[in-house]
Amino acid sequence: TVTIDIEVADHQEEIMRGLMYRPQMDEYRGMLFVFPSEEQRSFWMKNTYISLDILFVDNDRKIVKVQESTQPLSTEAVLSYKPARYVIEVNAGFAARHGIREGDKVTFSF
């Protein structure tokens with residue numbers, strides 16, 4: 001079990017901005033994106049200076065896809081490939097360092 005201090009992005013402008021323009025993030029911090037429905041998701045790293053692990057999470061709060069060590073400042077799509085309602089962004093390498101894998105369950109409150 002690993003606990004992170006999560007910042008919630010649940011309004012459109014927060015979701016669009018995400019972690020853009022931030023020069024760094026502490027190890028046990030992250031951002032939770034909350035969407036109104038479960039569907040395939042696509043993120044990009046435009047204006048995001050730090051490499052991230054992106055965890056795509058379904059309605060049952062199960063991780064359906066882990067995209068590790070995304071490329072900063074890239075406009076290439078980072079895909080969930082499966083329906084997801086939530087997305088968690090943490091520092092690159094966080095998933096590997098803490099044994100986080102697809103199929104794991106997450107819990108959060110906000």
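In this predicted model, Phe 56 stands opposite Lys 65 in strand β4, and that position is a useful place to enter the fold. The two strands involved, β3 and β4, run antiparallel and are joined by four bridges. Phe 56 also has a counterpart in another strand, for it stands opposite Val 87 in β5. There the pairing is again antiparallel, with strand β3 (residues 52-57) and strand β5 (residues 78-91) held together over six bridges.

These pairings belong to a wider arrangement, an open sheet of five strands in the order β1-β2-β5-β3-β4, in which the pairing is mixed. Because β1 (5-9) and β4 (63-67) each have a single partner strand, they stand at the edges, and one side of each is left without a neighbour in the sheet. From one strand to the next, the twist averages 30°.

How many of the six residues of β3 are buried? The answer is six of six, so that the strand can be called mostly covered by the buried criterion, which asks for under 20% relative accessible area. In a regular strand the side chains alternate between the two faces of the sheet. In β3 both faces are covered, since Leu 52, Ile 54 and Phe 56 on one side are buried, as are Asp 53, Leu 55 and Val 57 on the other.

Several of these residues return in the nonpolar cores. In soluble globular proteins, nonpolar side chains tend to be buried together. The largest nonpolar core here has 17 residues, and those that touch the most other members are Phe 33, Phe 35, Phe 43, Leu 52, Ile 54, Phe 56 and Val 87. Strands β2 (29-43), β3 and β5 are the elements that give two or more residues to this core, and the largest share, four residues, comes from β2. Apart from this core lies another, of 14 residues, which includes Val 57, Val 66, Val 90 and Phe 108.

Phe 33 shows how varied the surroundings of one core residue can be: leaving out residues up to four places away in sequence, Phe 33 touches Ala 9, Glu 14, Ile 15, Gly 18, Phe 43, Arg 85, Tyr 86, Val 87 and Glu 89. Ring pairs also link Phe 33, Phe 35, Phe 43 and Phe 56 into a cluster.

Is Arg 41, a residue of strand β2, buried or exposed? Its relative accessible area is 11%, and it is therefore buried. Beyond its neighbours within four places in sequence, Arg 41 is in contact with Phe 35, Phe 56, Val 78, Leu 79, Ser 80, Ala 84 and Val 87. A polar atom of the Arg 41 side chain lies 3.0 Å from the backbone oxygen of Ala 84.

The aromatic rings offer another way through the structure. A pair of aromatic rings is described by the distance of the centres and the angle of the planes. The count comes to six aromatic pairs. In one of them, the rings of Tyr 21 and Tyr 49 have their centres 6.2 Å apart and their planes at 75°, so the pair is edge-to-face. Because Tyr 21 lies in the loop between α1 (12-17) and β2, and Tyr 49 in the loop between β2 and β3, the pair ties together parts that are 28 residues apart in sequence. Tyr 21 is partly exposed, at 48% relative accessible area, and Tyr 49 is likewise partly exposed, at 41%.

Tyr 86 and Phe 108 form an aromatic pair that is also edge-to-face, with 4.9 Å from centre to centre and 70° between the planes. This pair, too, links distant parts of the chain, with Tyr 86 in strand β5 and Phe 108 in the segment after α2 (94-97), 22 residues apart. Here Tyr 86 is buried, with a relative accessible area of 6%, and Phe 108 counts as buried at 15%.

Two loop residues complete the tour. In the hairpin of β3 and β4, which has five residues between the strands, Arg 61 takes a positive phi near 65°, a positive value in a residue other than glycine. Arg 61 is partly exposed, with a relative accessible area of 26%. In the loop between β4 and β5 lies Ser 69, which has a positive phi of about 50° although it is not a glycine. Ser 69 is partly exposed, with a relative accessible area of 46%.

Methods. Residues are numbered from 1 along each chain as its sequence is written. This is a predicted model: local features need pLDDT of at least 70, side-chain atom pairs count only at pLDDT 80 or more; totals for chains, interfaces and linings use all residues. Side-chain values use heavy atoms; hydrogens and water are left out. Two strands pair if DSSP finds at least two bridges between them. Axes are lines fitted to C-alpha atoms, for helices over the stretch in contact, and angles run from 0 to 180 degrees between N-to-C directions. A nonpolar core is a set of buried Ala, Val, Leu, Ile, Met, Phe, Trp, Tyr and Cys residues joined through side-chain atoms within 4.5 Å. Buried means under 20% relative accessible area, exposed over 50%, partly exposed in between (1.4 Å probe, protein chains only). Contact means heavy atoms within 4.5 Å. A polar contact is a pair of N or O atoms within 3.5 Å; within protein, one must be able to donate a hydrogen and the other to accept it, and residues adjacent in sequence count only if both atoms are side-chain atoms. Rings of Phe, Tyr and Trp (its six-membered ring) pair if their centres lie within 6.5 Å; planes under 30 degrees apart count as stacked, over 60 as edge-to-face and the rest as tilted.
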